[in-house]
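Student: I should like to work through this chain question by question. May we begin with the term on which a later answer depends?

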Amino acid sequence: MAAAAKQKPQTDAEKAAAVIARIRTDPVWFATEILGESLWSKQRAILESVRDNPRTAARSCHGVGKTFTASVVVPWWLAAWPDEAVAVVTAPTWLQVKEQVWREIHARLGKSKIGFPPANLTDLTLGDNWYAIGLSTDKPERFQGFHAGHLLLLVDEASGVDERIFEAGEGFLTADGARILLIGNPTQLAGQFHRAFTSERALWQQIHVSAFDSPNFTGEQVPQDVARRLVGPAWVEEKRQKWGEASPLYQVRVLGDFPSTSDNTVVGLAAAEAAQQREPDGVVVPLVVSCDVARFGSDETVIATRIGNRLELVDAYVGRDTMHTAGRILEVAIGLADRHGKRKAATVQIVVDDAGVGGGVTDRLREDGRFSVEAFNGGQAAVTIDEERGEPAYPNRRSEAWFAFADELDALSLDGDEQLLADLVAPTYRLDSRGRRVVEAKEETKKRLGRSPDRADAVLLLCAPGAPEAASSAWTDAYAEQLARISG
C-alpha cells in the first residue's frame with residue numbers, strides 16, 4: 001500500500017481562523033482558556049445565550065458576579081468577529097459605566113492571552129468597525145449611528161436605564177448579527193427590563209439568578225477563589241433577619257425577583273436606590289440638622305444633615321441621655337455653620353422629633369439660643385393646605401413628611417446606608433374617609449422590619465414642610481445666587 005499522504009501543515013492564517021471559529025462557537029472556552037477565568041453555571045448560561053439569541057435578559061440577586069459576566073462578554077464579542085464587531089456598554093450613570101463595568105473589562109483584558117491594545121478609560125479601539133465604547137447619557141440619539149456586521153448593546157443595571165435609550169437601541173437589532181444583553185437587579189416594576197420578563201417575554205431569552213442558585217448553596221464545584229466572591233448562607237441569613245423575607249430588598253437582592261411592591265408603597269425601591277447613587281448638585285443651602293430621638297432602649301437616636309440636595313446620616317447610637325444628644329446636635333450644627341454659614345443667609349436650621357423624650361432635647365437646644373429650632377410632632381395637623389378644600393392635605397405631619405420626601409426624592413442625593421434604604425421602602429399608606437393619604441403608624445412598620453425605622457425618620461425631618469420655612473426667604477435668595485454662580 002502506498003504510504004499515507006502527509007497532512008499539509010497549517011499556515012498561521014489557518015490556525016488563526018480555527019481559533020476564531022472556536023471563540024465564536026464557544027464563549028465559555030474563550031473565558032477559561034483565553035481570559036483565564038473560572039465561570040459557574042449561570043455565568044456560562046448568560047454567555048451562551050448571548051451567542052445564540054438576539055435578546056437576552058438576566059435578572060440577578062446581589063453577589064453572583066453579574067457585572068463580571070458582562071465584562072467577559074465584551075472581549076469575547078470583539079475577539080469573535082475581527083474587523084466587524086462593535087460593543088456599546090451602558091448603565092444608568094456614568095459612574096457605573098466607568099467604575100463598575102469598564103473597571104471589570106480592564107481586569108479581563110489584563111489577563112487575556114490575546115494581547116489587546118491598551119484601552120482608554122471606557123474605550124477600546126481595534127479598528128474602524130472594531131471597538132468597544134462606554135456611554136451613559138440622557139441623549140438617546142447618541143445610541144444611534146453605530147454600524148458593524150456584529151453589534152452588541154450591553155446594558156448593566158438595566159432596571160435603571162432611561163426608557164428612551166432602549167427605544168434608540170432597538171435600531172441595533174436591524175442587523176442579523178446583533179445582540180442585546182440586559183443584566184441587573186430587578187428593581188422596577190415598569191420599563192423595558194421588566195417587560196422582558198412579562199409582556200414581551202416571547203421576544204427575550206430570560207435568565208434568573210437567585211442567591212440560592214449560587215454554588216455556595218447548591219454545592220456546584222468551583223475554585224475556592226470563585227466561591228469566596230459569591231453570595232453565601234451567612235450573608236443571606238443576615239439579610240433575612242435584617243430586612244425580612246417580605247421586604248422588597250430581600251426579594252430583589254436575595255431572590256433576584258422583581259419586588260412585590262403594591263400600589264400603596266410610599267417610597268419605591270428604584271427611586272431610593274437612584275437617589276443613593278446621585279451626586280450632590282454643589283449647592284449648600286438649605287443647611288439643616290435633624291434628629292430622631294430614641295424613645296426606647298433598643299431604638300436608635302439618629303442625627304442627619306442636609307446640605308443643599310445632599311442628605312447624610314451623621315450619627316446613630318443607643319443608650320445615651322438627652323443632654324448628650326443635645327450636645328451632639330449642637331456640635332454638628334456648629335460644624336455646618338463654620339463650613340457653610342459665613343453668609344448670613346446660610347443659617348443652620350435644626351429639626352427635632354419633639355414627641356416623647358425629644359421634647360427635652362428641643363428645650364435644651366432652644367435654651368442654647370444659637371440656632372433656630374423646629375419641634376416636629378408627627379401626630380399634629382399637617383401644615384400643607386389643600387387649596388380646593390381649605391383643610392390640611394394630610395391627616396398628620398408624619399404622613400405629610402413622608403410624601404414631601406417622596407415627592408422630592410428624584411432631586412435628592414441620598415446617603416448610601418443600607419439600613420436607611422430598608423427603612424425608606426418599608427412603609428405603606430391607605431386613604432382615609434376624606435381621600436387623604438395616611439402613612440401607616442410607625443409601630444406597624446416596626447413589626448415588619450423587626451426594628452424601628454429611625455434612620456428614615458431622621459432623614460424625613462430634613463424635608464418636612466414647615467421645618468426649613470422659618471428662613472425660606474433668605475435661603476431662596478442665597479440659593480438663586482449660588483445657582484447663578486454655578487451656571488456662570
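Tutor: A residue is called buried when its relative accessible area is under 20%, and exposed when that area is over 50%. The structure to which we apply these terms is a predicted model.

Student: Is Glu-157 buried or exposed?

Tutor: Glu-157 lies in the loop between β5 and α6 (163–169). Its phi is near 45 degrees, a positive value in a residue other than glycine. The relative accessibility of Glu-157 is 16%, and the cut-off for burial is under 20%, so Glu-157 counts as buried.

Student: Is Asp-83 buried or exposed?

Tutor: Asp-83 is found in the loop between α4 and β2. This residue is not a glycine, yet its phi is positive, at about 70 degrees. With a relative accessibility of 55%, set against a cut-off of over 50%, Asp-83 counts as exposed.

Student: How confident is the prediction, and over which residues does pLDDT stay under 50?

Tutor: The average pLDDT of the chain is 87, and 91% of the residues score at least 70. Where pLDDT is low, the predicted coordinates should not be read in detail. That caution applies to a stretch with 17 contacts beyond four places in sequence, where pLDDT stays under 50: residues 468–479.

Student: What share of the residues in the chain is buried?

Tutor: The chain has 19 helices and 17 strands, and its C-alpha trace spans about 110 × 55 × 45 Å along the principal axes. Among contacts between residues at least 6 apart in sequence, 68% join residues at least 24 apart. Of the 488 residues in the chain, the buried share is 51%.

Student: Which helix gives the most residues to the largest nonpolar core?

Tutor: The largest nonpolar core has 91 residues, and those touching the most other members include Val-267, Leu-311, Trp-402 and Leu-414. The helix that contributes most to this core, with 10 residues, is α4 (residues 66–80).

Student: Which strands stand at the edges of the sheet on which α4 packs?

Tutor: This is an open sheet of 7 strands with mixed pairing, in the order β3-β4-β2-β5-β6-β1-β7. Two of its strands have a single partner each, so one side of each is left without a neighbour in the sheet; these edge strands are β3 (123–127) and β7 (205–209).

Student: Within that sheet, which residue of β6 is the bridge partner of Arg-59?

Tutor: Strand β1 (residues 55–60) pairs with strand β6 (residues 179–184) in the parallel sense, over 5 bridges. Helix α4 touches both of these strands as it packs on the sheet, and its direction makes about 165 degrees with that of β5. In β6, the bridge partner of Arg-59 is Gly-184.

Student: Turning to the sheet of 6 strands, which residue in β15 stands opposite Leu-311?

Tutor: This open sheet has the order β12-β11-β8-β9-β10-β15, with mixed pairing. Its edges are β12 (372–376) and β15 (413–414). Strand β10 (residues 310–317) pairs with β15 in the parallel sense over 2 bridges, and the residue opposite Leu-311 is Leu-414.

Student: At what angle to β12 does helix α15 run?

Tutor: Helix α15 covers residues 397–408 and lies across β9 (301–307), β10, β12 and β15. Trp-402 touches residues that include Val-266, Val-267, Leu-424 and Leu-460. Relative to β12, helix α15 runs at about 115 degrees.

Student: Is the ring pair of Tyr-394 and Phe-403 stacked or edge-to-face?

Tutor: The structure holds 8 aromatic pairs. In one of them, Phe-193 and Phe-197 have ring planes at 85 degrees and centres 5.5 Å apart, so that pair is edge-to-face. For Tyr-394 and Phe-403 the centres lie 5.8 Å apart, but the planes make 15 degrees, where under 30 degrees is required for stacking, so the pair is stacked.

Student: What is the omega of the cis peptide bond before Pro-286?

Tutor: Most peptide bonds are trans. Pro-286 is found in the loop between α12 (269–277) and β8 (287–292). The bond joining Val-285 and Pro-286 is cis, with an omega of about 0 degrees.

Notes. Residues numbered from 1 in each chain as written. Predicted model: local features only at pLDDT ≥ 70, side-chain atom pairs only at ≥ 80, totals over all residues. Heavy atoms only, no water. Core = buried A, V, L, I, M, F, W, Y, C linked by side-chain atoms within 4.5 Å. Buried < 20%, exposed > 50% of the residue type's maximum accessible area, 1.4 Å probe, protein only. Helix = DSSP H or I, 4+ residues; strand = E, 2+ residues; numbered from the N terminus. Contact = heavy atoms within 4.5 Å. pLDDT = per-residue confidence, 0-100. Pairing = 2+ DSSP bridges. Axes fitted to C-alpha atoms, helices over the stretch in contact; angles between N-to-C directions. Phe/Tyr/Trp six-rings, centres within 6.5 Å; stacked < 30°, edge-to-face > 60°.
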